[in-house]
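Trainee: Could we go through this structure together? I would like to begin with its pockets.

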Amino acid sequence: MANGKMMGIIFSSSHDEVLRELTEKRAMASVPFAGRYRLIDFTLSGMVQAGISEVGVITKEKYHSLMDHLGAGRPWDLDRKRDGLFILPPLGYRASGEGVYQTNLEALYAIEGSLLHSKADYVVLADANLVYNMDYTELLEYHESKNADITLLSCKYNFVKEKYPDNENIMLFNQRAGRVSDIMFSPSDNPPSNLYLGVLIISRKLLINIVDRAKSANLTSFKRDILQRNPFDLNIITYNYKGLVRPIYSLKDYFDANMEMLNPKIKNELFQKDRQILTKVRDEAPAKYGLEAKVINSLIADGAVIEGEVEDSIIFRGVKIGKGAKVKNSIIMQGTVIGKEAELGYVITDKDVEISDGRLMVGYESFPVYISKGSKV
Amino acid sequence: MFRKKECVAMLLAGGQGSRLYTLTKDLAKPAVPFGGKYRIIDFPLSNCINSGINTVGVLTQYQPLVLNDYIGNGEPWDLDVSSGGVHILPPYQKSKGADWYKGTANAIYQNINFIDRYDPDYVLVLSGDHIYKMDYSKMLDFHKKNGADCTIAVLEVSKEEASRFGIMNADENGQIFEFEEKPKVPKSNLASMGIYIFSWDKLRRYLIEDEEDPKSSKDFGKNIIPNMLDAGEKMMAYPFDGYWKDVGTIDSLWEANMDLLNPNVPLNLYDSEWKIYARNPGLPPHFVAKGADVQNSMITEGCEIWGTVDFSVLFSGVTVEKGAVVKDSIVMPGCVIKAGARVEYSIVAENCVIGEDCVIGRRPEDMENLDEWGVAVVGSDSVLDPGSVVKPKQLLDSKTTGKVG
């Protein structure tokens, strides 16, 4: 049994750049997923399930949609007098001067006050680009049992550079004598076999200590300056997560992870009855199927009205699909209206898109068409 | 300190709903699931908050556990407010004796103190067994404009139906001069919807007087309304022309659910300006597999459909296995319809397992004798062995297990 009390810090804008389209107006943490969720729901629900009652969300920019989603934290029972959810706005502290923080370490300088104020023994730092349903007490137990300074959450991963030509921040490593070694970022060849999932656990006191020392040393990147270079000679180990986890490093990753939810086994491993993924409730009526509706292998959220055909697709809340319309291999986000006889294949429509009657839009499996929020096509 | 409220709502939720038989065995009628993700009480509660009434007393008595849990702090309906909000009001012990609620009027009488705290000008009395969307603020305006002492919402019904209702006979201005409870020969077709607005000082007086009358059955329809009429109080009929349905019987509950699938029925649950709120079970979107066939139905979160669903309402977390057929039916939360089972014209209550190749209910077209036809009901938490048969009109008790039929 784990003894320590944990607090959580979520970096809501981690990897924003890899989903350029979807994060044009929102942070990674509030990217919609699987019909009714936002990516942060997975991390947040997991933390709450693990008994974490103090969660800080570090914001950077474009956080309006995230704030709207989180509110006071009620869906996760985080609207509390003690602890609860706190949103940490970008205070503009930078080691190198003014402006919004650029790296996680700079963000941590800015929230040092919250870290000092907390009574938790440990801090779980987590990026928001993960789809998983993890019990963080596993991580804590492992960390405590190994007496480590930092335990990184990782999984086995077959990194292929060609799939991520623009992403230089995917951190891989080997394990030697129980310790993390050979850290590399998006290497072109011979990639190490462990992927750092952007989640780690560290004692709160050590974290404050590191943040202080890093500030004096003018260090800026947690991954590169602390973990990779390890200037403070920390005992950094890894906990290999064997459960379902889907890190999102590209639009294709995002598309594929959504589509995997059409496999009931995978879906039910992620959405477990006794470990619910919680999200903001929108009070939609049940989904309604019309007389000529035809739905095959799809996920349909509440409030959807289906009068046409849907195949191999994810349909979010409140989507309307007109008579004779055909939607295939697509992700149709909240509030989108698809006109009569329109045909869509390999399309991602962001929220509140309108597709006129009879329109034809087809992307490719390797390159889905993206239609931005609120567009009329 | 309690802030003064113009209008406080009192929701009568203590009735047993005995005509729903097994469905209300362990459950108060207002807590009966409805429409895929609601319970009946969501309709009056949502109407209250949408009408600007944020102080609601819910009078409970019969099997209140599920209902109390469900209402909780009122958060789903935005009724978790410090100045008002939703309050569960069960009968309680007083310094001189203790009484159950002896009638609808007595239930309000026993909570005069609750109402007085808000010093309201008006009290809205509602019941927890009707499905409708109504803006009570318009009815209140009508009440005020007419300087009425009591306003009763009425609905035009057909002459044939009229003898099932309390009928208001009103003049051309809408002033009620006569009230008849379930008349054999109705004089008008204005049926009471069981929605009353009273000026609180008047109602308060009549409640106290009625309480002192040993012969009174302490009921709004039988005592308070006739007494006020006899005394010449100004009673107005407020005409309502939307959808309204009493879901007090198996048939009407089934019909009201089916009405949701009928595009010609004017009850729109998809209106973002007048949402019906409910407590959310927090499940992922529903999944429709390859080979499934879903039409003319309402399906909600957490369902997995591998079989055929037609003209049906499926609540959260229902699984319909491959080859199973659900037609013209209502399947409540958490049920599993196993492969090859056939569910037609039925209500399957919460958390049932309908075994492989079971046959539940039947289409009226397939009956030799139509008199034997009716909606079949499987009580909650039943687990039926494969090949079980539940006949039309049959009411299976909750927690039935093993082979049936």
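Trainee: What is the split of nonpolar, polar and charged residues in the lining of the largest pocket?
Mentor: The lining has 14 nonpolar, 18 polar and 15 charged residues (Ala, Val, Leu, Ile, Met, Phe, Trp, Tyr, Cys and Pro count as nonpolar, Asp, Glu, Lys and Arg as charged, and the others, Gly among them, as polar). The model is predicted: local features need pLDDT of at least 70, side-chain atom pairs count only at pLDDT 80 or more, and totals for chains, interfaces and linings use all residues, while side-chain values use heavy atoms, without hydrogens and water. Residues are numbered from 1 along each chain as its sequence is written, and chains are lettered from A and ligands numbered from 1 in the order in which they are written.

Trainee: And what is the volume of that largest pocket?
Mentor: The largest pocket has about 1,500 Å³, the space filled by probe spheres set on grid points joined across faces, edges and corners. A pocket is an open set of points on a 1 Å grid over the protein atoms alone where a 1.4 Å probe fits, with protein on both sides within 12 Å along at least five of seven lines; lining residues have an atom within 4 Å of a point.

Trainee: Which lining residues are closest to its centre?
Mentor: Of the 47 lining residues, these are B:Arg19, B:Lys29, B:Asp129, B:His130 and B:Asp246.

Trainee: Which element gives the most to that lining?
Mentor: Strand 11 of chain B does, with 4 residues. Helices (H or I, at least four residues) and strands (E, at least two) are DSSP runs, numbered from the N terminus.

Trainee: What about the second largest pocket, how much space lies in it?
Mentor: About 780 Å³. Its lining has 30 residues, and A:Arg74, A:Pro75, A:Thr279, A:Val281 and B:Glu75 are the closest to the centre. Helix 2 (64–70) of chain A and helix 1 (42–50) of chain B each give two or more residues to this lining, and helix 2 of chain A has the largest share, 3 residues. By type, the lining holds 13 nonpolar, 8 polar and 9 charged residues.

Trainee: Changing topic, how much area do chain B and chain A bury between them?
Mentor: About 3,000 Å², with 50% of it on carbon and sulfur atoms (accessible area, 1.4 Å probe, that two parts lose on being put together, summed over both). B:Tyr270, B:Pro285 and B:Phe287 supply 21% of the area that chain B buries against chain A, more than any other three residues.

Trainee: How many residues does each chain bring to the contact?
Mentor: Chain B brings 36 residues and chain A brings 34, contact meaning heavy atoms within 4.5 Å.
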